[in-house]
Amino acid sequence: GQPTTAPKDDGKKKKKGGGGKTVSSVYLVSLGELMTTLYSCEPHFVRCLVPNTHKKPGDVEPPLIMHQLTCNGVLEGIRICMRGFPNRMPYPDFKMRYACLGQAEINSSSDNKTATYALMDKIAFDRERYRLGHTLVFFRAGALAGLEEGRDELVIKWIRFIQGEIFKRVRTRVFEKKRDQRELIKVAQRNFRKYLAMRDWGWFVIIQKTRGLIGLPNPEEELRLLEEKANAT
């Protein structure tokens, strides 16, 4: 009769060998890199452009790119952005970053708008280039760069001042050390000249030979005191 159980396969199934990269895998890797780049920045919009019509890497056709930018509305969006206030910053961040332009004006009022107006008027920043909201300061396109330039000038000035102070202190120490060395050389030369002038003088020779005995105890006096102490006991 027919067997009741299926025969077992004595051999194992062969694993499918790994092939080369497929077109879909290449596109998947490229898409993953693109998404990683997008996640690492803060894009306001994303537009994909065709760089050339003959699919050659690294080759760019400017008329083709400008035509695409015009047709998909990127240039119009940039024009609208330039007419508005695309840059914005919270009041705490604004005060912390630009307080160096006018610390007294920032501290002049607890009201954010009053303090910001005082700072902007001090540096002659046109009010048409910014607007103040309840929690944010809005800037027109390119207006924030003017504040950054003023802040950079102050920062560079302070850094140069600190560098000058450090260099002055370092060079002052070197100068003081060399000055002391020069004075010590003069003292040594003067003493040596005096020694050459007096080395043959008799009294100088006696003083030099007896100088080591000055202040030493007298041995005879020490013996006399010890004898008196021994006789008394």
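Visitor: To kick off, is Phe125 buried or exposed?
Guide: Bear in mind that this is a predicted model, where local features need pLDDT of at least 70, side-chain atom pairs count only at pLDDT 80 or more, and totals for chains, interfaces and linings use all residues. Residues are numbered from 1 along each chain as its sequence is written, and side-chain values use heavy atoms, with hydrogens and water left out. Buried means under 20% relative accessible area, exposed over 50%, and partly exposed in between (1.4 Å probe, protein chains only). Phe125 has a relative accessible area of 8%, so it counts as buried.

Visitor: And what kind of aromatic pair do Phe125 and Tyr130 form?
Guide: Rings of Phe, Tyr and Trp (its six-membered ring) pair if their centres lie within 6.5 Å; planes under 30 degrees apart are stacked, over 60 edge-to-face, and the rest tilted. The structure holds 5 aromatic pairs. In the one made by Phe125 and Tyr130, the centres are 5.8 Å apart and the planes sit at 45°, which makes the pair tilted.

Visitor: Which residue joins Phe94 and Tyr98 in an aromatic cluster?
Guide: Phe94 and Tyr98 of α4 both take part in the contact with α6. The third member of their aromatic cluster is Phe139.

Visitor: At what angle do α4 and α6 pack?
Guide: Helices are DSSP runs (H or I, at least four residues) and strands are E runs of at least two, numbered from the N terminus. Axes are lines fitted to C-alpha atoms, for helices over the stretch in contact, with angles from 0 to 180 degrees between N-to-C directions. The axes of α4 and α6 (residues 112–122) are 11 Å apart, and the packing angle is about 35°.

Visitor: Which residues of α7 make the contact with α4?
Guide: The axes of α4 (residues 91–98) and α7 (residues 143–198) come within 11 Å and cross at roughly 35°. Contact means heavy atoms within 4.5 Å. Phe94, Arg97 and Tyr98 do the job on α4, and on α7 it's Leu144, Leu147, Glu148 and Arg151.

Visitor: Where does Lys55 lie?
Guide: Phi of Lys55 is near 55°, a positive value in a residue other than glycine. At 79% relative accessibility, Lys55 counts as exposed. Its place is the loop between α1 (23–39) and α2 (62–71).

Visitor: What is phi of Ala124 near?
Guide: Ala124 is in the loop between α6 and β2 (130–132), and it counts as exposed at 68% relative accessibility. It isn't a glycine, but its phi is positive, near 60°.
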